[in-house]
Structure formats: structure tokens, C-alpha cells
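Here are my notes for you on this one. Keep the structure open while you read, and take the points in order.

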Amino acid sequence: MWTVIERKSRQFITFIVSKNRDAEAAKQVWENTQEVVSPLLVCSDYWSAYSSVIPSELHVQSKKQTQTIESINGVIRLFVKRFNRKTRCYSKSDKMIEASLRLFFHFWNFKKQIQFNII
């Protein structure tokens, strides 16, 4: 699973489900991201696939800048039991994983929109 979030609002921008963590998957994520938003800054860790697709003038590589996505990955494991370690609730189908994530991200983003509109 590759996810892209907007750090300030903590909303999901896009995601893909891929069995590979290669440059081709990174390219697909980057293209999907550009269809939704025009990022001014992209933060990632030091995985080489990121730097092969993200323009260097937009890209910041630092583990310090990835704490938001890492905490959200923990939330995904908490609420979507398919991603919980040591569980019986797992999917063999990529389509079911993608459907579960779409439902979760839709709910998550809707909840975040309500929070930001109230404040």
C-alpha cells in the first residue's frame, strides 16, 4: 500500500495497492497525486524509488518529516483489521484490500472535513 496525505489536514490524497515497492509503483502514485493536487513540497523517507520520480526541487527526504504518515499507518492498522499483525482478518484479494481502504479513507477524510469546518 502506498499512501499520500496532506500533512496539515491529515487527509488522504490518493493511494495504490501494489505488490512491488519499485520505481513503477512510485511513478503511478506520483501521477495519481498530480491528478488531484499540485504539490508544493513532498516529504518522504530515503527509499530510492521516490527520488526517481519526484522532482528534486519539490522533494525533501528526511525521516523527521514522515512522522505524520507513520502515525496514520498505525491508525490504519488499528481500524482496518486486514492490516493488523497477527490476525485472521486478512484478504487474499487486492480488490478487497483496495475496497476496504477506499471505505476507510472516505470516512477518514469526511471526518476531517467536519473537524476543520467546525473549528
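1. Start with the lining of the largest pocket: β1 gives the most to it, with 5 residues. Keep in mind that this is a predicted model. Strand β1 covers residues 2-6, and other elements that each supply at least two lining residues are α1 (23-36), β3 (42-44), α2 (48-53) and α3 (67-79).

2. Now look at the pocket as a whole. Its volume is about 970 Å³, and 32 residues line it. Want a place to begin? Try Thr3, Val4, Cys43, Tyr50 and Ile69, which lie nearest the centre of the pocket. Sorted by class, the lining has 19 nonpolar, 8 polar and 5 charged residues.

3. Back to β1 for a moment. Is this strand mostly covered or mostly open? Mostly covered: 4 of the 5 residues in β1 are buried. Strand β1 pairs with β2 (residues 11-16) in the antiparallel sense, over 5 bridges. If you'd like one bridge to click on, valine 4 has threonine 14 in β2 as its partner. The two strands make a hairpin with 4 residues between them, and in the turn arginine 10 has a positive phi of about 60°. In a regular strand, side chains alternate between the two faces of the sheet.

4. Next, the aromatic rings. The count comes to 8 aromatic pairs. One of them joins tryptophan 2 and tyrosine 50 edge-to-face, with 5.7 Å centre to centre and 80° between the planes. Since tryptophan 2 lies in strand β1 and tyrosine 50 in helix α2, the pair ties together parts that are 48 residues apart in sequence. Both tryptophan 2 and tyrosine 50 are buried.

5. Another pair worth a look is phenylalanine 79 with phenylalanine 104, which is stacked: 6.3 Å centre to centre, 25° between the planes. What parts does this pair tie together? Phenylalanine 79 is in helix α3 and phenylalanine 104 in helix α4 (residues 94-118), so the pair links parts 25 residues apart in sequence. Phenylalanine 79 is exposed because its relative accessible area is 55%. Phenylalanine 104, on the other hand, counts as buried because its relative accessible area is 8%. Both rings belong to one aromatic cluster made of Phe12, Phe15, Phe79, Phe104, Phe105 and Trp108.

6. Don't skip arginine 21. Its charged end sits over the ring of tryptophan 2, 5.9 Å from the ring centre. Arginine 21 also lies over the face of tryptophan 47, at 4.1 Å from that ring's centre.

7. Here's a residue to practise on. Where is glutamine 61? You'll find it in strand β4 (residues 59-61). Glutamine 61 has a relative accessible area of 29%, so it is called partly exposed; the label fits because anything under 20% would be buried and anything over 50% exposed. Glutamine 61 and serine 51 are 10 residues apart in sequence, and their C-alpha atoms are 8.5 Å apart in space.

8. Last, step back to the whole chain. How many helices and strands does the chain have? It has 4 helices and 4 strands, and from the N terminus on they run β-β-α-β-α-β-α-α. Of the 119 residues in the chain, 34% are buried.

How values were computed:
Residues are numbered from 1 along each chain as its sequence is written. This is a predicted model: local features need pLDDT of at least 70, side-chain atom pairs count only at pLDDT 80 or more; totals for chains, interfaces and linings use all residues. Side-chain values use heavy atoms; hydrogens and water are left out. On a 1 Å grid over the protein atoms alone, a cavity is a set of points where a 1.4 Å probe fits but cannot get out, and a pocket is an open set with protein on both sides within 12 Å along at least five of seven lines; lining residues have an atom within 4 Å of a point. Grid points are joined across faces, edges and corners, and a volume is the space filled by probe spheres set on the points. Ala, Val, Leu, Ile, Met, Phe, Trp, Tyr, Cys and Pro count as nonpolar, Asp, Glu, Lys and Arg as charged, and the others, Gly among them, as polar. Rings of Phe, Tyr and Trp (its six-membered ring) pair if their centres lie within 6.5 Å; planes under 30 degrees apart count as stacked, over 60 as edge-to-face and the rest as tilted. Buried means under 20% relative accessible area, exposed over 50%, partly exposed in between (1.4 Å probe, protein chains only). A charge sits over a ring if NZ of Lys or CZ of Arg is within 6 Å of the ring centre and within 35 degrees of the ring normal. Two strands pair if DSSP finds at least two bridges between them.
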